[in-house]
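Here is a short report on one structure. Please keep the sequence and the model at hand while reading.

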Amino acid sequence: MIKVIFVSADGSRRSVEIDEGLTAREAALFNNVPGIDGDCGGVCACATCHVHVDHAWINQVGLPEEGGMEDDLIQFAEGATETSRLACQIPMIPALDGLVLHLPKLQH
Ligand code: FES
């Protein structure tokens, strides 16, 4: 199991665990973490799984491919920043154990 820590816009933290190979979107949804909608089912088509990767983790997670589908979609996410990612595009691998993701106030 891989641990993911979600930090809500109000500062509250929630630590959950998810199987390797699933995504950060699923880590939130399967553990009833509010703040991730994931409306498209995880196929990179809605941007309602927008998260801000903690600065300490952005190198391990990486940035979306420039000009790719995720990069294009993030531009529609409310309050997108240079550490924005779509949680459905973050596969959970052992190197991300303890990953900290900040949730936006809104997904729309
Ligand atoms: S769940 Fe739709 S883009 Fe991630």
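## E70 in helix 3

E70 is found in helix 3 of this predicted model. Is E70 buried or exposed? Its relative accessible area is 9%, under the 20% cut-off, so E70 counts as buried.

The side chain of E70 has a polar partner. One of its polar atoms lies 2.8 Å from the backbone nitrogen of L86. L86 also appears in the contact list of E70, along with C44, P64, R85 and Q89. That list leaves out residues up to four places away in sequence.

## S84 in strand 4

S84 sits in strand 4, which covers residues 84–86. The relative accessible area of S84 is 2%, so this serine is buried too.

Which residues do the polar atoms of the S84 side chain reach? One is H50: a polar contact of 2.8 Å joins the two side chains. Another is T81, whose backbone nitrogen is reached at 2.8 Å.

With residues up to four places away in sequence set aside, S84 touches H50, V51, H52, P64 and I74. P64 is thus named twice: it touches S84, and it touches E70.

## The largest nonpolar core

In soluble globular proteins, nonpolar side chains tend to be buried together. Here the largest nonpolar core has 32 residues. F6, I90, M92, L99 and L101 have the most contacts inside it. Several elements give two or more residues to this core. The strands are strand 1 (2–7), strand 2 (13–18), strand 3 (50–53) and strand 5 (99–102). The helices are helix 1 (24–30), helix 2 (58–61) and helix 3 (69–74). Strand 1 gives the largest share, five residues.

L101 shows what such a position touches. Neighbours within four places in sequence aside, L101 is in contact with V4, I5, F6 and V7. The list also holds A24, V51, H52, V53 and I90. V51 and H52 are in contact with L101, and S84 touches V51 and H52 as well.

## Cysteines

A disulfide is a covalent bond between the sulfur atoms of two cysteines. How many disulfides does the model hold? The count comes to zero, with 2.5 Å as the limit between cysteine sulfur atoms.

Two cysteines can be placed by accessibility. C40 counts as partly exposed, at 24% relative accessibility. C88 is buried, with a relative accessible area of 8%. The cut-off for buried is under 20%, so C88 falls below it and C40 does not.

Notes: Residues are numbered from 1 along each chain as its sequence is written. This is a predicted model: local features need pLDDT of at least 70, side-chain atom pairs count only at pLDDT 80 or more; totals for chains, interfaces and linings use all residues. Side-chain values use heavy atoms; hydrogens and water are left out. Helices (H or I, at least four residues) and strands (E, at least two) are DSSP runs, numbered from the N terminus. Buried means under 20% relative accessible area, exposed over 50%, partly exposed in between (1.4 Å probe, protein chains only). A polar contact is a pair of N or O atoms within 3.5 Å; within protein, one must be able to donate a hydrogen and the other to accept it, and residues adjacent in sequence count only if both atoms are side-chain atoms. Contact means heavy atoms within 4.5 Å. A nonpolar core is a set of buried Ala, Val, Leu, Ile, Met, Phe, Trp, Tyr and Cys residues joined through side-chain atoms within 4.5 Å.
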